Amino acid sequence: MSDRTPGNLHEYTVTELSGAVKRTIEDAFGLVRVKGELGRCTRAASGHMYLDLKDEKAVISGVMWKGNAARLSINPEQGMEVVATGRMSTFPGQSRYQLIIDSLEPAGVGALMALFEERKKKLAAEGLFAPERKKPFPFLPEVIGVVTSPSGAVIRDILHRLRERFPRHVIVWPTLVQGRGAEEKIAEAIRGFNALSPGGDVPRPDVLIVARGGGSLEDLWCFNEEVVARAAAASEIPLISAVGHETDTTLIDYVADRRAPTPTAAAEFAVPVRSELLSEVLNKERRFTGAVERLFETRRSALLSASRGLGRPEDILGAATQRLDRASDGLRSGLRARLDTALTSLARTSGRLTPNLLAHGFAMRENKLATYWSRIAERTDRIVVDRRSRLAASARVLAAVSYQNVLDRGFALVRGADGGLIRRAEDAVPGAAGEIQFADGVRGVLFDGEARSAADVTSPKKTAKKSDKSASRPRQPRLFD
């Protein structure tokens, strides 16, 4: 009878069996390197990273604790081919095994280049590489901002070349340029420079230089992250990319306004050579001075040639000057003689102006004025009397032809409701109101039927004989107050 019958088997608790499996797997696979493609890749709020490594036939779950995840030099993304180094273990709570990852690196340069090309196509499709987005650079910036490591040789090379060419005020924003989190620091520095206000306590740069020395593709990978490329593209300050050597190419080189092969070349792009500028200014000054002197000499020669053809000024103006002198002398004596004559005439006239003579003249003028006033008064009285006579005659004629006289003889005026005269019986509308004006007043009337003839009105007997007919006729107008 076998010893491995069910009755002789050791009984494990679930925890004991899970622990035994865990120790067996950890002892057998204490340190492994696994190459695969990243599938699910998430970062928990605690900082731990959970991911899947897969190939064509299998999938292994992996976890990287936050300490190791913070030191990653790349940003893991789905589809990236990587090599994970760690140890196998289990997770008893879900009865599954997993890889505890200590480090994660791309599976060769080919994987990084494929990711680089993918990102490059994505940003190019968004138009971040378009030439029309490139901003012009100032000829001579006052302030230059540099985003780089403060302890490397890059910043010393830039400062040295600026001092040689044209010393400028330089502001350095120290940042990481390699390793985990470097991309966020670089993007933060670019945004920080752009956030400075012109004229503030910290001057806003006119040009930005993002620089780093040479290195491997993995070392320069932080400059291939989208956050850095988008920050450079959004910069309002013209930006020069000086990352790596001339053969190194990163995404920030494409979105920058200008790419420099080296950090030293970036300093050369930023400022001109001061000595060359001074030499150029002196050269232009000499050329300008020579041109002005030649122009003056040409004008001087032309003036001398023209002056020889004009003759001497004293020959041209001599006769006119003599005539002016003679005329001025004659004017002076003529004015003196005229003034003497006027003074003599004034003295002669003023001698005749005595008070009695003036009083006699005033009296004569007053008599003439009184005569004129009496004539005006007589003429006015005659005109008034004549106008009054004409007015009285017109009033008599008007009274003679006035219809009021006709009313006084027994006649009357018949008017309709609108005040218009009614001259014929057919013009009176039956049932309409009107008025009759007598010599001494007006009475209202209501037209109540056809008007009778004059014979009917003046012959009572005839009216009586025809009483039957008149009974059928409309009644005469009735007077009312």
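Is W173 buried, exposed or partly exposed? In this predicted model, W173 is partly exposed, its relative accessible area being 28%, a value that falls between the limits of 20% for buried and 50% for exposed. The points below take up the aromatic and charged contacts of the model, then strand 9 and the elements paired with it, then helix 8 and, last, Q98.

**Aromatic rings and a charge over a ring**

- The structure holds 2 aromatic pairs, and one of them is formed by W173 and F193, whose rings meet edge-to-face with 5.2 Å centre to centre and 70 degrees between the planes.
- This pair links distant parts of the chain, since W173 belongs to strand 7 (residues 169-174) and F193 to helix 5 (residues 182-195), 20 residues apart.
- Whereas W173 is partly exposed, its partner F193 is buried, with a relative accessible area of 1%.
- Elsewhere, R258 lies over the face of F269, at 3.8 Å from the ring centre.

**Strand 9 and its pairing**

- Strand 9 is largely enclosed by the rest of the structure, because 5 of its 5 residues are buried.
- In a regular strand, side chains alternate between the two faces of the sheet.
- In strand 9, L239, S241 and V243 point one way while I240 and A242 point the other way, and all are buried.
- Strand 8 and strand 9 run parallel and are joined by 5 bridges, with L208 standing opposite L239 of strand 9.
- Between these two strands the chain passes from strand 8 through helix 6 (residues 226-234) to strand 9, making a β-α-β crossover that is right-handed.
- Strand 9 also runs parallel to strand 10 (residues 258-259), to which it is joined by 2 bridges, and here S241 stands opposite R259.

**Helix 8 and its cover**

- Helix 8 (residues 263-270) has as its buried residues P263, A265, A266, A267 and A270.
- The elements that cover these buried residues include strand 6 (143-148), helix 4 (153-165), strand 8 (207-212) and strand 9 (239-243).

**Q98 in strand 5**

- Q98 is placed in strand 5 (residues 96-106), and because its relative accessibility is 10%, Q98 counts as buried, the cut-off being under 20%.
- When neighbours within four places in sequence are left aside, the residues in contact with Q98 are S61, V63, R87, M88, S89, T90 and F91.

Definitions and conventions: Residues numbered from 1 in each chain as written. Predicted model: local features only at pLDDT ≥ 70, side-chain atom pairs only at ≥ 80, totals over all residues. Heavy atoms only, no water. Phe/Tyr/Trp six-rings, centres within 6.5 Å; stacked < 30°, edge-to-face > 60°. Helix = DSSP H or I, 4+ residues; strand = E, 2+ residues; numbered from the N terminus. Buried < 20%, exposed > 50% of the residue type's maximum accessible area, 1.4 Å probe, protein only. Lys NZ or Arg CZ within 6 Å of the ring centre and 35° of its normal. Contact = heavy atoms within 4.5 Å. Pairing = 2+ DSSP bridges. Right-handed = clockwise from strand over helix to strand, strands pointing away.
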